[in-house]
Amino acid sequence: MPIEKEKTLAGQVYNPGQDEELVTELTACKAKCLCYNQLPSGADKEGTLEGTLKGNTGQSGENCHIEPNFWCDYGWNIKVGDNFYANHNLTVLDAGGVTFGDNVFIGPDCSFYTSGHPLDAARRNTGLEYAYSITVGNNVWIGGGVRVVPGVTIGDNSVIGVGSVVVKDVPANSVAAGNPCRVIREITEADKNSDLNWKK
């Protein structure tokens with residue numbers, strides 16, 4: 001395995017432009033995403049998401065759907081559980097690995113960024129970056145326009161409010177929102193019989 005790809009998988013600073021395998025995989029993945037995004041609405045599922053996603057990710061469960069447009073970097077570093085739905089314009093920068101549990105619902109215009117760059121400009125300008133994994137638990141609902149940064153875990157049964165920027169871990173059974181995202185309250189038994197207004 002090329003040394004830069006080894007560094008990527010180990011969570012070390014690496015230079016993706018100096019690894020022929022990473023460059024080839026990135027190019028191939030972008031081509032697959034482009035093909036998927038250009039398919040007509042209602043096209044055969046085996047030729048669209050189920051075929052594209054399962055052929056483009058490390059692991060994909062049953063009953064998964066992503067509305068176009070969808071973009072990711074490598075694909076092989078994404079794991080998706082059962083009953084996964086993402087609305088339009090999902091971006092997953094998956095160099096560090098992104099795992100979605102079962103029954104995850106994602107609103108439109110959401111992004112998951114595992115990659116970042118050194119703060120020092122001289123090092124950053126050489127093409128160096130790092131990648132830390134993102135984990136989304138089971139039964140999570142993520143509202144539209146949410147951004148999740150490297151290294152974050154979102155716990156089971158949680159809800160992330162529209163437009164949030166998630167910069168630190170969110171515990172299970174929480175409603176969290178804002179920029180930066182913070183826990184608003186716990187999800188309780190009373191929510192089983194309430195309306196959909198998370199602010200109450």
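Trainee: How many aromatic pairs does the structure hold?

Mentor: There are 4 aromatic pairs. One of them joins F84 and F100, with ring centres 5.1 Å apart and planes at 55 degrees.

Trainee: Why is the F84 and F100 pair called tilted?

Mentor: Rings of Phe, Tyr and Trp (its six-membered ring) pair if their centres lie within 6.5 Å, and planes under 30 degrees apart are stacked, over 60 edge-to-face, the rest tilted. The centres of F84 and F100 are 5.1 Å apart and the planes sit at 55 degrees, so tilted it is. F84 belongs to strand β5 (residues 84-86) and F100 to strand β7 (residues 98-100), so the pair ties together parts 16 residues apart in sequence. Helices (H or I, at least four residues) and strands (E, at least two) are DSSP runs, numbered from the N terminus.

Trainee: What should I keep in mind about the model itself?

Mentor: It's a predicted model, where local features need pLDDT of at least 70 and side-chain atom pairs count only at pLDDT 80 or more, while totals for chains, interfaces and linings use all residues. Residues are numbered from 1 along each chain as its sequence is written, and side-chain values use heavy atoms, leaving out hydrogens and water.

Trainee: How do you know whether F84 is buried or exposed?

Mentor: Buried means under 20% relative accessible area, exposed over 50%, partly exposed in between (1.4 Å probe, protein chains only). F84 comes out at 3%, so it's buried, and F100, also at 3%, counts as buried. Those two form one aromatic cluster with F112.

Trainee: What makes K5 and E21 a salt bridge?

Mentor: The rule asks for a side-chain nitrogen of Lys or Arg within 4 Å of a carboxyl oxygen of Asp or Glu. K5 and E21 meet at 2.8 Å, N to O. The pair links helix α1 to helix α2, 16 residues apart. K5 is buried at 8%, whereas E21 is partly exposed at 30%.

Trainee: Which other salt bridge does E25 make with helix α1, and what does it tie together?

Mentor: E25 meets K5 at 2.9 Å, N to O. E25 lies in helix α2 and K5 in helix α1, so parts 20 residues apart in sequence are tied together. Shared partners join K5, E21 and E25 into one network. The whole structure has 5 salt bridges, including K7 with E4 at 3.4 Å.

Trainee: What makes K5 count as lying over the face of W76?

Mentor: NZ of Lys or CZ of Arg has to be within 6 Å of the ring centre and within 35 degrees of the ring normal. K5 lies over the W76 face, 4.6 Å from the ring centre.

Trainee: How do you know that the span of helix α2 agrees with what's expected?

Mentor: The expected span is 1.5 Å times one less than the number of residues. For the 18 residues of α2 (residues 20-37) that gives 26 Å, and the end C-alpha atoms are 26 Å apart, so the two agree.

Trainee: And why say the buried residues of α2 line one face?

Mentor: In α2, L22, E25, C29, C33, Y36 and N37 are buried. Seen down the axis, the buried residues fall within an arc of 105 degrees, so they line one face of the helix. That arc is taken from the directions from the helix axis to the C-beta atoms. On the other side of α2, E20, T27 and C35 are exposed.
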